[in-house]
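Visitor: Please take a close look at the salt bridges of this model, and then place them among its other side-chain features. How many salt bridges does a search of the whole structure find?

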Amino acid sequence: NHAKVNNIPFTITLDYIISIAVDECPILKIPLSWCVQGKTITDNSPTIDRINPKLGYIPGNVAWISNRANRIKNDGTAEEHLAIYNFISQCATEKSQINP
């Protein structure tokens, strides 16, 4: 529905998305919870994600990742994520120098 409403290409099939299912989030390395009772969405809930958002939901451009990774990734660019990493890394280094 999201793809249709936003005019995003969608050519993957149910068989395809089942065939690429994984047990672990490839980004955060946490287990994916495929069988959760009810409609509770957790950090471990699997989500289908476009690797390159411009290409849409097409074979080779989607992956199962955790809901947590998807929220973190959201719409940031690689450069923005690198800037966040650099900031956090620098803060950790400075903290370790203050409290050896």
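Guide: Two salt bridges turn up when the whole structure is searched, the term standing for a side-chain nitrogen of Lys or Arg within 4 Å of a carboxyl oxygen of Asp or Glu. Before looking at them, please keep in mind that this is a predicted model, in which local features need pLDDT of at least 70 and side-chain atom pairs count only at pLDDT 80 or more, whereas totals for chains, interfaces and linings use all residues. Residues are numbered from 1 along each chain as its sequence is written, and side-chain values use heavy atoms, with hydrogens and water left out.

One salt bridge joins D43 to R71, with 3.0 Å between the closest N and O atoms. This pair links distant parts of the chain, as D43 sits in the loop between α2 and β1 while R71 belongs to helix α3 (residues 67–73), 28 residues apart; helices (H or I, at least four residues) and strands (E, at least two) are here DSSP runs, numbered from the N terminus. D43 is partly exposed, with a relative accessible area of 36%, and R71 is likewise partly exposed, at 41%. For these words the limits are under 20% relative accessible area for buried and over 50% for exposed, with partly exposed in between, using a 1.4 Å probe and protein chains only.

The side chains of D49 and K73 also meet in a salt bridge, at 2.7 Å from N to O. Since D49 is part of strand β1 and K73 part of helix α3, this pair ties together parts that are 24 residues apart in sequence. Its acidic member, D49, counts as buried because its relative accessibility is 11%, whereas K73, at 23%, is partly exposed. Helix α3 thus supplies a partner to each salt bridge, R71 to D43 and K73 to D49.

Aromatic side chains also connect separate parts of the chain. The structure holds two aromatic pairs. In the pair of F10 and Y57, the ring centres lie 5.6 Å apart and the planes meet at 45°, so this pair is tilted. F10 is found in the loop between α1 and α2 and Y57 in the loop between β1 and β2 (62–66), so the pair ties together parts that are 47 residues apart in sequence. Y57 counts as buried because its relative accessibility is 10%. W34 and W64, in turn, form an edge-to-face pair, with 4.8 Å from centre to centre and 75° between the planes. Because W34 lies in the loop between α2 and β1 and W64 in strand β2, the pair ties together parts that are 30 residues apart in sequence. W34, at 36% relative accessibility, is partly exposed, while W64, at 13%, is buried. Rings of Phe, Tyr and Trp (its six-membered ring) pair if their centres lie within 6.5 Å, and planes under 30 degrees apart count as stacked, over 60 as edge-to-face and the rest as tilted.

The loop between α2 and β1, which holds D43 and W34, deserves attention for its backbone as well. K29 lies in this loop, which comes before β1 (46–50), and has a positive phi near 60° although K29 is not a glycine. Most residues other than glycine have a negative phi. K29 counts as exposed because its relative accessibility is 52%. N7 also has a positive phi, of about 55°, and is not a glycine either. N7 belongs to the loop between α1 (2–5) and α2 (14–19), and at 71% relative accessibility N7 counts as exposed.

As for the setting of these features, the protein chain has four helices and two strands, and along the sequence they follow the pattern α-α-β-β-α-α. The C-alpha trace spans about 55 × 30 × 20 Å along its principal axes, and 20% of the 100 residues count as buried. Among the contacts with a separation of 6 or more, 46% are between residues 24 or more positions apart, a contact being heavy atoms within 4.5 Å.
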